[in-house]
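Subject: Structure handover

Hi,

Here is the structure I promised to pass on. Please open it and keep it beside you as you read.

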Amino acid sequence: MKKWFLLFAVFAFWACSDDEVAGISTVETENAFLIRVVRGDSLPASNVVARLRPMDFVRDVNSFDEKAFGSTEMNAFVEYVTDSLGCIRVDSLSVEEASLEIIDEGEGLFAKILAKDVKVGDTASFVMEKTGALRGKIYLPDSVDFAWVQVYGTERMAKTDAEGFYEIDSLAPYEYNVRVVVGDSVIENSAVVESEESTRSNVYAFEPDSVKVLDFESGNAEFVLEELGLNAEGYLAVTNTDVVTVPAVDEPISESIEDAGAGREGKAIHWKSTGDIGIWSFFGIWICSEKHTCDLTELDSIVYYVRGSGKYFFALEALGKSNIEGKAVFDDSLETSDEWKRVCVKPSDFVEPDSDWGNFGWDAVKNSITTITYGALDESEIWIDDVTLYGIKPSAFVGVED
């Protein structure tokens, strides 16, 4: 079966060689590099434009024009149109490595072509796939208002907004080299674009050393680092059915989000909890996944704002069957609902490990954190707002949504 397939492939490329396609030739060769391209449905990619560029090509930032993409005026040192069989013939290359790019009707192809293969008259077959996208955030220094993001071997580039966000769509699946120009600095990066997916590529050279993980301003208690693809919704739960909460735990979490009050701007999460001693209600949110836990070893402190009455605790937890299934706990109490209290918790402030209710201590869980939890014990009422981790960079959260 394999032999018949190889014979068919040779025949297909031989058919390609019958139809010359003009290009820019710098070194004439006896043989030609024959390429056949098919679409995702296995039909020939006929009459589509294919462009060759040096693999290290990037556009001049002064020529940036989003509307130019897809036009026939795009820079290419060789340009082809495939024949009815989806074939092109490359006679020569003037560089050692060139990129072959085709984007057409929502499908694309990006591949590396080597001059040494062209010289010996090699053959290749490629399948177009649904295009994907590249998006992310470039952390900008204070003196810079935007950055340029350029994809090597293509025309594709984007200018970030003032917060550093960007998006580049219609990219063929490939592991691209990416160039980021931030002020006078040039940073090299890479990103794998998948078919029909939006891939994150963030550059952290100028990232801050703190992360605000909760601010509740969205009204649905989402994790705020949406640029990292992290938008898990928080949840209200109880340890025992005898615990009663207002709002009830079976109501949408948005019912617990309200104006912060007591002289504080914005929104906060608020609930009342009633139960016997030793049982509690709690608000939790997954900030990292079981598969990709977060290493918070470098944590300096956690700062948050709280008001209310009664006893509560704050915990960083490691959850999931593959993890230690424990937590580090900080206990506190509240005396008044009329004033906000700024709380700063350092790793040394966590309760000594005693294994009660999974309290394994900071050293046991610090490199595998998944969840933030606030618990309201006995008869309590609590408001929470603006939770920030200091000593932790946003890059600590890369990949945790998987």
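Below is what came out of it, from the whole chain down to single cysteines.

First, a caution: this is a predicted model.

The whole chain

The chain has 402 residues, and 49% of them are buried. Its secondary structure consists of three helices and 25 strands.

Next come the contacts. Take those in the chain with a separation of 6 or more. Of these, 72% are between residues 24 or more positions apart.

Then the surface. The accessible surface is about 19600 Å². Carbon and sulfur atoms account for 48% of that area.

The disulfide

How many disulfides are there? The count is one. C288 and C294 form it. Their sulfur atoms lie 1.9 Å apart, and a pair counts as a disulfide because the sulfur atoms are within 2.5 Å. The angle about the S-S bond is -100°, and the link of C288 and C294 is left-handed.

Are these two cysteines buried or exposed? C288 has a relative accessible area of 3%, so C288 is buried. C294 is at 0% relative accessibility, so C294 counts as buried too. The cut-off behind both calls is under 20% relative accessible area.

Another cysteine

Look at C344 as well. Its relative accessible area is 35%. Buried stops under 20% and exposed starts over 50%, so C344 is partly exposed.

Find C288, C294 and C344 in the viewer, and check each against the text above.

Best wishes

Terms used. Residues are numbered from 1 along each chain as its sequence is written. This is a predicted model: local features need pLDDT of at least 70, side-chain atom pairs count only at pLDDT 80 or more; totals for chains, interfaces and linings use all residues. Side-chain values use heavy atoms; hydrogens and water are left out. Helices (H or I, at least four residues) and strands (E, at least two) are DSSP runs, numbered from the N terminus. Buried means under 20% relative accessible area, exposed over 50%, partly exposed in between (1.4 Å probe, protein chains only). Contact means heavy atoms within 4.5 Å. Accessible areas come from the Shrake-Rupley method with a 1.4 Å probe; for residues, only the protein chains shown count as cover.
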